[in-house]
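The exercises below each give a task and then a solution worked step by step. Please keep the sequence and the coordinates at hand while reading.

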Amino acid sequence: MPTPLETWFTEIPPITRIYVSAACCTSIAVQLGFIHPLQLWLNYESIAHDFQWWRLITNFFYFGPLSIDFCFHIFFL
């Protein structure tokens, strides 16, 4: 029997589901110390000179550390 959270997650559109999953995974990775938040920062010099292309996308996935503010961002997303 599916839980209400699982039901809610499967009912949202696929693109939103991917975006919410990426945002949660990114914030969890920062919270656990796997990634430093400055590695996600959109820095054009690092993109052009150091070829750090992930900065073009990952800056849209990080909403800050896990907190009530993060939950509100995900809810409004």
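**Exercise 1. Determine which residues form the nonpolar patch on the surface, and place Leu 66 in the chain.**

Step 1. Ile 28, Leu 32, Phe 34 and Leu 66 together make up a nonpolar surface patch, with about 430 Å² of accessible area between them. Patches take residues with over 30% relative accessible area and no salt bridge (a side-chain nitrogen of Lys or Arg within 4 Å of a carboxyl oxygen of Asp or Glu); like charges are joined within 9 Å, and nonpolar side chains (Val, Leu, Ile, Met, Phe, Trp, Tyr) within 5 Å. Accessible areas follow the Shrake-Rupley method with a 1.4 Å probe, and for residues only the protein chains shown count as cover.

Step 2. The model is predicted, so local features need pLDDT of at least 70 and side-chain atom pairs count only at pLDDT 80 or more, whereas totals for chains, interfaces and linings use all residues. Residues are numbered from 1 along each chain as its sequence is written, and side-chain values use heavy atoms, with hydrogens and water left out.

Step 3. Leu 66 sits in the loop between helix 4 (55-58) and helix 5 (68-76), where helices (H or I, at least four residues) and strands (E, at least two) are DSSP runs numbered from the N terminus. Leu 66 counts as partly exposed because its relative accessibility is 40%, given that buried means under 20% relative accessible area, exposed over 50%, and partly exposed in between (1.4 Å probe, protein chains only).

**Exercise 2. Decide whether Ser 27 is buried or exposed, and find which residues are in contact with Ser 27.**

Step 1. Ser 27 belongs to helix 2 (residues 14-32), and this serine is buried because its relative accessible area is 0%.

Step 2. With neighbours within four places in sequence set aside, Ser 27 is in contact (heavy atoms within 4.5 Å) with Tyr 62, Phe 63, Gly 64, Leu 66 and Phe 70.

Step 3. Pro 65 lies 38 residues from Ser 27 in sequence, and the two C-alpha atoms are 5.9 Å apart in space.

**Exercise 3. Work out why Phe 51 counts as exposed, and describe its backbone and its place.**

Step 1. Phe 51 is found in the loop between helix 3 (44-50) and helix 4, and Phe 51 has a positive phi of about 55° although it is not a glycine.

Step 2. Phe 51 is exposed because its relative accessible area is 55%.

Step 3. From Phe 51 to Gly 33 the C-alpha distance is 23 Å, at a sequence separation of 18 residues.

**Exercise 4. Describe the overall fold: how many helices and strands are there?**

Step 1. The protein contains five helices and zero strands, in the order α-α-α-α-α from the N terminus on.

Step 2. Its C-alpha atoms fill a box of roughly 50 × 25 × 20 Å along the principal axes, and buried residues make up 25% of the 77 residues.
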